[in-house]
Amino acid sequence: MDCLFCKIVAGEIPAKLVHQEETLLAFADIHPQAPTHVLVLPRRHLGSLAEAGKQDRELLGRLLEAVAEIASRLGLSGGYRTVINTGADGGQTVEHLHLHLLGGRPMHWPPG
Ligand code: AMP
Ligand code: ZN
């Protein structure tokens with residue numbers, strides 16, 4: 001499978017790691033949209049949120065919990081934005097589930 005984020009998980013493509021644990025990895029987005037822009041993702045390939053099922057409940061919960069922990073560790077005490085783009089209309093460009101953690105500036109609503 002030709003998946004960019006699987007290659008980062010495998011260490012074949014370098015990334016600026018922010019956090020790693022048994023099932024997850026977090027690294028800096030290569031094109032940051034905010035002073036802090038981190039991607040949090042499962043090590044195991046899962047194409048998108050739309051492909052998640054019952055068996056992924058624990059993983060999805062841990063992904064959200066990890067986002068909050070990383071935000072706290074990075075000092076985002078004023079708040080932050082968490083985004084999951086899903087599919088073409090959702091703006092997903094890399095087909096390996098990932099959560100965007102954006103912070104360090106005020107966020108606007110609605111998103112584009
Ligand atoms: P999405 O559009 O939600 O699929 O997000 C994909 C994200 O991956 C974008 O914000 C990209 O900037 C980011 N990205 C693409 N290639 C890399 C890479 N090699 N290292 C880190 N982030 C990347
Ligand atoms: Zn993958």
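Leaving aside neighbours within four places in sequence, with which residues is Thr36 in contact? In the predicted model examined here, Thr36 touches Leu74, Leu76, Leu101, Leu102 and Gly103, contact being defined as heavy atoms within 4.5 Å. Thr36 belongs to strand β3, where helices (H or I, at least four residues) and strands (E, at least two) are DSSP runs numbered from the N terminus. With a relative accessible area of 16%, Thr36 is classed as buried; buried denotes under 20% relative accessible area, exposed over 50%, and partly exposed the range in between (1.4 Å probe, protein chains only).

Residues are numbered from 1 along each chain as its sequence is written, and chains are lettered from A and ligands numbered from 1 in the order in which they are written. Because the model is predicted, local features need pLDDT of at least 70 and side-chain atom pairs count only at pLDDT 80 or more, whereas totals for chains, interfaces and linings use all residues; side-chain values use heavy atoms, with hydrogens and water left out.

Helix α2 comprises 17 residues (57-73). The end C-alpha atoms of α2 are 24 Å apart, in agreement with the 24 Å expected at 1.5 Å a residue, the expected span being 1.5 Å times one less than the number of residues. Buried positions in α2 are Leu59, Arg62, Leu63, Ala66, Val67, Ile70 and Ala71. An α-helix has 3.6 residues a turn, so residues three or four places apart point the same way. The buried residues of α2 pack against β1 (17-20), β2 (24-28), β3 (36-42), β4 (81-83) and β5 (99-103). Just after the helix, Gly75 adopts a positive phi of about 80 degrees.

The zinc ion (ligand 2) has as protein donors Cys3 (SG), Cys6 (SG), His45 (ND1) and His96 (ND1), at 2.1 to 2.3 Å. Donors are N, O and S atoms within 2.8 Å of the metal (3.2 Å for Na, K and Ca); water is not among the atoms, so sites may look incomplete. Angles among the 4 donor atoms are 107 to 116 degrees, and the site is tetrahedral, a class that requires all angles between four donors to lie between 85 and 135 degrees. The donor residues follow the spacing C-x2-C-x38-H-x50-H. Cys6, in helix α1 (residues 4-9), and His45, in the loop between β3 and α2, link distant parts of the chain, 39 residues apart. Cys6 is partly exposed at 22% relative accessibility, as is His45 at 27%.

Methods. Tetrahedral: all angles 85-135°; square planar, octahedral: opposite > 155°, others 65-115°.
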